[in-house]
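Colleague: Got a minute to walk me through this one? I'd like to start with a serine and work outwards.

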Amino acid sequence: MAPRTRAPRSRRERPAKPALTYEGIVATAVRLMEDEGLRRVTMRRLAQELDTGPASLYVYVANTAELHAAILEELLGAVDLTPAAARGDWRDRLAAVLGSYTRVLFQHPDLAHSALVARPSGPNYLALVEAILALLHEGDVPDGQAAWGVDVLLQVATATAAEQSVRDRDAAAEDEHLALIAALRAVSAETHPRIAALADDLVSGTPEQRLTWIFRAVINGARATPRTAD
């Protein structure tokens, strides 16, 4: 019996590419950021990863800035918003929500810096803003002050994460911090009396303690500071 031969196949045959979707594009962008860093997440690099042309992506994402905002929106889903509906002092619960947001950015250093200008507008971001506003409302913060306060609170959290991301990547950051402590403690009480009196306290507290205090200071300021008349 003659051996059975396979039907010839075209060399052009290959598995069909999955259809592009916004969700798939963002998921791939997140993976690229985690593997290669945010700077490598460009429209061209993403198109290469998806085996398509950059022009195909513009149907879903307008530019790289919008792409980075979409990545941030995706990661904001990890922010713990449960304190907003829990019991306890509203300031503590608001600080907990903001702390969770800051920790999400801590885990993605490149994104923390980009988040200073990225403007997400998806459901995760809106849920975060709603939770903050709800807690400010619970604390009887006037609506106008709450409307401006939410922006300041997120800016403080984002800037803190961005600053820490720079320090974490700077090999000399710890040495510089120790040098600052030594300089503060060595000042003369005659020339710098207030520094001399507070030298140890200026660098006291854990990063978590200081961040919580910062949030509370801004929260209290938003509640106590009326907006100027238009």
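Modeller: Sure. Leaving aside neighbours within four places in sequence, S114 is in contact with L38 and H68. Keep in mind that this is a predicted model.

Colleague: Which helix is S114 found in?

Modeller: S114 is found in helix α6.

Colleague: And is S114 buried or exposed?

Modeller: Buried. The relative accessible area of S114 is 13%, and the cut-off for buried is under 20%.

Colleague: OK, on to the greasy part. Which residues touch the most other members of the largest nonpolar core?

Modeller: I71, L94 and I132 do, in a core of 50 residues. Several helices feed into this core with at least two residues each, among them α1 (22–36), α4 (64–75), α5 (90–106), α7 (123–138), α8 (143–169) and α11 (207–224).

Colleague: Is there a general reason to expect a cluster like that?

Modeller: In soluble globular proteins, nonpolar side chains tend to be buried together.

Colleague: What is L94 in contact with, leaving aside its neighbours within four places in sequence?

Modeller: L94 is in contact with I132, L135, L136, L153 and I219.

Colleague: Let's look at α5, then. How many of its residues are buried?

Modeller: 13 of the 17 residues in α5 are buried, so that helix is mostly covered. The length checks out as well: at 1.5 Å a residue, α5 should span 24 Å, and its end C-alpha atoms are 24 Å apart.

Colleague: What caps the N-terminal end of α5?

Modeller: D89 does. One of its side-chain oxygens lies 2.7 Å from the backbone nitrogen of R91.

Colleague: You listed α11 too. Which of its residues are buried?

Modeller: The buried ones in α11 are L211, F215, I219 and A222. Seen down the helix axis, they fall within an arc of 70 degrees, so they line one face of α11.

Colleague: Why would residues spaced like that end up on one face?

Modeller: An α-helix has 3.6 residues a turn, so residues three or four places apart point the same way.

Colleague: Then what sits on the face of α11 turned away from the buried side?

Modeller: That face carries the exposed residues Q209, W213 and A224.

Colleague: How far apart are the end C-alpha atoms of α11?

Modeller: They are 26 Å apart, which agrees with the 26 Å that its 18 residues should span at 1.5 Å each.

Colleague: Switching topic: how many salt bridges are there?

Modeller: The count comes to eight. One of them joins D92 and R216, with the closest N and O atoms 2.5 Å apart. That pair links distant parts of the chain, with D92 in α5 and R216 in α11, 124 residues apart.

Colleague: How exposed are D92 and R216?

Modeller: D92 counts as partly exposed at 43% relative accessibility, and R216 is partly exposed too, at 25%.

Colleague: What does R185 form a salt bridge with?

Modeller: R185 pairs with D200, the closest N and O atoms being 2.8 Å apart. R185 is in α9 (residues 173–186) and D200 in α10 (residues 193–202), 15 residues apart. At 53% relative accessibility, R185 counts as exposed.

Colleague: Which residues are linked in a network of salt bridges?

Modeller: R31, E36, R40, R45 and E49 are linked that way. Within that network, E36 forms a salt bridge with R40, the closest N and O atoms being 3.3 Å apart. E36 is partly exposed at 33%, and R40 is partly exposed at 44%.

Key: Residues numbered from 1 in each chain as written. Predicted model: local features only at pLDDT ≥ 70, side-chain atom pairs only at ≥ 80, totals over all residues. Heavy atoms only, no water. Core = buried A, V, L, I, M, F, W, Y, C linked by side-chain atoms within 4.5 Å. Buried < 20%, exposed > 50% of the residue type's maximum accessible area, 1.4 Å probe, protein only. Helix = DSSP H or I, 4+ residues; strand = E, 2+ residues; numbered from the N terminus. Contact = heavy atoms within 4.5 Å. Expected span 1.5 Å × (residues − 1). Arc of directions from axis to C-beta. Polar contact = N/O pair within 3.5 Å; in protein donor to acceptor, adjacent residues only side chain to side chain. Salt bridge = Lys/Arg side-chain N within 4 Å of Asp/Glu carboxyl O.
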